[in-house]
Amino acid sequence: MNFAILENGFLPSKISTILPDEFDDIEYVGNNLPKILANNQIESEILNLEPEKDISHLSIEELERAMLLYSYIGHAYIWGNLDTDKVIPKNISKTWFKVSQKLERPPILSYASYALNNWELQDKKKPFDLENIRILQNFLGGMDEDWFIMIHVAIEYEAKEILSNLKHYFIDQNEDQSSLESALESIRKINLIMNRMPEKCDPFIYYNRVRPYIFGWKNNPATPNGVIYKDVDEYDGKPQLFRGETGAQSSIVPALDALLGITHSNDPLREYLDEMRLYMPNEHRNLLNNLDEWSKNKRSNLTSQDNSVTLSNEIIKEVHTFRNKHLEYARIYIHEQALSNQNNSNVVGTGGTPFMKYLDKHLQETVPTND
Ligand code: HEM
């Protein structure tokens, strides 16, 4: 089984920031999306786009850039004008579908486009830092939308430390406790980054201006029958139901659960988390499936003779702290906002889960098994 990705984390090593000239029309709509949405011109802009692009010559990072642009434009079309008929025009549906087939995930905005492939360094001469990230693509734009994504990107960046160190200890069995110490230091840093969400992302703005654009078409009362991708022969005119963008499509937490032996008994969120793998880049999906297999058969190398059990339990407690803060955000950024807002008040997550109950259950299950 191949676990090499754990050495580098889940952020791509190369991110394309602009497509070749033939895609200028798509780049234009992407770059101007905040203005186009404010002017309610998304439909007319889409109808000007060239319907079918040749994507055969695009590199992987360019395919990711194309997926990002088509996904943002597709969501802007569906959610930017709620009166549209929920049929994605052929001007974007056909190329969006072709790109998604090549990347082996559905034609919908997923975490890989929204966060993993959506940033560059603001000042390339300076090192990676939360405040040196520049988000490439927005819906409406503004500090709150950027910050919401920046926090995810910064967590992904730091996560390579905990993932690689846990790999060395548990999978490579290097028996060096310093790996567990470094992993503990890293998850503490992740929690410090997580704590910074409210600094520049206001719950009201998030709920009313950021979140409405990232919903999917599955389990969503606004699209009870799904969405039609016009002229995509493979869909035969039938509406499609796909989940929306959510941090549940990040591979970090499922990887940590598997490495640390945290398990969740069956519940709708767990089923949903398994479904989320279909929306991840295929190499991340394969890694998580391999990790699940590995964790079923693993032999524990933690011994009570040294400090390793204590360290491993400390790391699990920090994952518990992460889930606790996350549940607090779900409450403040969504649940409480929904109670005071009638327009956009479905209390399911953007991915489509009745989340409060199950996020809490997963929090309760994040405990050392040998306590
Ligand atoms: C204001 C901040 C956030 C809010 C309101 C929020 C909201 C949610 C909601 C509602 C869910 C349930 C699934 C669904 O979408 O239907 C979820 C799941 C999840 N989110 Fe977030 N999220 C936030 C930030 C983050 C960040 C920064 C991460 C880091 C990568 C993250 C990672 C996850 C994970 C891993 C799950 C799956 C649940 C689990 O395994 O415990 N979220 N989130």
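## Exercises on helix packing and selected residues

I60, L63, E64, A66, M67, Y70, S71, I73, G74 and H75 of helix α5 meet I92, T95, W96, V99, S100, K102 and L103 of α6. This is a predicted model, and the exercises below walk through it.

**Exercise 1.** Work out how α5 and α6 are oriented to each other, and what classes of residue make up their contact.

*Solution.* Start with the residues you have just met: by class, the contact of α5 with α6 has 10 nonpolar, 5 polar and 2 charged residues. Next, take the geometry. The axes of α5 (residues 60-80) and α6 (residues 90-103) come within 9 Å and cross at roughly 135°. An angle over 145 degrees would count as roughly antiparallel, and 65 to 115 as roughly perpendicular. The crossing falls in neither range, so α5 and α6 are oblique to each other. Finally, the handedness: α5 passes α6 in a left-handed crossing.

**Exercise 2.** Describe the packing of α12 against α14, then place H284 in the picture.

*Solution.* Begin with the axes. Those of α12 (residues 252-260) and α14 come within 9 Å, crossing at roughly 15°. Angles under 35 degrees count as roughly parallel, and α12 and α14 are therefore roughly parallel to each other. Their crossing is left-handed. Now look at who meets whom: P254, A255, A258 and L259 on the α12 side face L288, L291, D292, W294 and S295 on the α14 side. These residues divide into 7 nonpolar, 1 polar and 1 charged.

H284 also sits in α14, which spans residues 282-297. Is H284 buried or exposed? Its relative accessible area is 6%; the cut-off for buried is under 20%, so H284 is buried. Leaving out residues up to four places away in sequence, H284 touches I5, F10, L116 and S251.

**Exercise 3.** Find the protein donor to the iron atom of the ligand, and follow its helix to a packing partner.

*Solution.* The iron atom has a single donor from the protein: NE2 of H326, 2.0 Å away. H326 belongs to helix α15 (residues 308-339). The axes of α15 and α16 (residues 355-364) come within 9 Å and cross at roughly 170°. Because that angle is over 145 degrees, α15 and α16 are roughly antiparallel to each other. On the α15 side, the contact is made by H320, R323, N324, H326, L327, A330, R331, I334 and H335. F355, M356, L359, D360, H362 and L363 contribute from α16. Notice that H326, the donor to the iron, is among the α15 residues in this contact. Sorted by class, the contact has 7 nonpolar, 5 polar and 3 charged residues.

**Exercise 4.** Locate I151 and Q177, and list their contacts beyond four places in sequence.

*Solution.* Take I151 to start with. This residue is found in helix α8 (residues 143-171). With a relative accessible area of 1%, I151 is buried. Its contacts, apart from neighbours within four places in sequence, are L130, I193, R196 and M197. How far is the C-alpha atom of I151 from that of A183? The two residues are 32 apart along the chain, and their C-alpha atoms are separated by 19 Å.

Then turn to Q177, in helix α9 (residues 177-195). Q177 touches Y169, D306, N307, S308 and L311, again not counting residues up to four places away in sequence. For a distance to practise on, try D202: Q177 and D202 are 25 residues apart along the chain, with 40 Å between their C-alpha atoms.

Definitions and conventions:
Residues are numbered from 1 along each chain as its sequence is written. This is a predicted model: local features need pLDDT of at least 70, side-chain atom pairs count only at pLDDT 80 or more; totals for chains, interfaces and linings use all residues. Side-chain values use heavy atoms; hydrogens and water are left out. Helices (H or I, at least four residues) and strands (E, at least two) are DSSP runs, numbered from the N terminus. Buried means under 20% relative accessible area, exposed over 50%, partly exposed in between (1.4 Å probe, protein chains only). Contact means heavy atoms within 4.5 Å. Donors are N, O and S atoms within 2.8 Å of the metal (3.2 Å for Na, K and Ca); water is not among the atoms, so sites may look incomplete. Axes are lines fitted to C-alpha atoms, for helices over the stretch in contact, and angles run from 0 to 180 degrees between N-to-C directions. A crossing is left-handed if the near helix is turned anticlockwise from the far one by less than a right angle, and right-handed if clockwise. Ala, Val, Leu, Ile, Met, Phe, Trp, Tyr, Cys and Pro count as nonpolar, Asp, Glu, Lys and Arg as charged, and the others, Gly among them, as polar.
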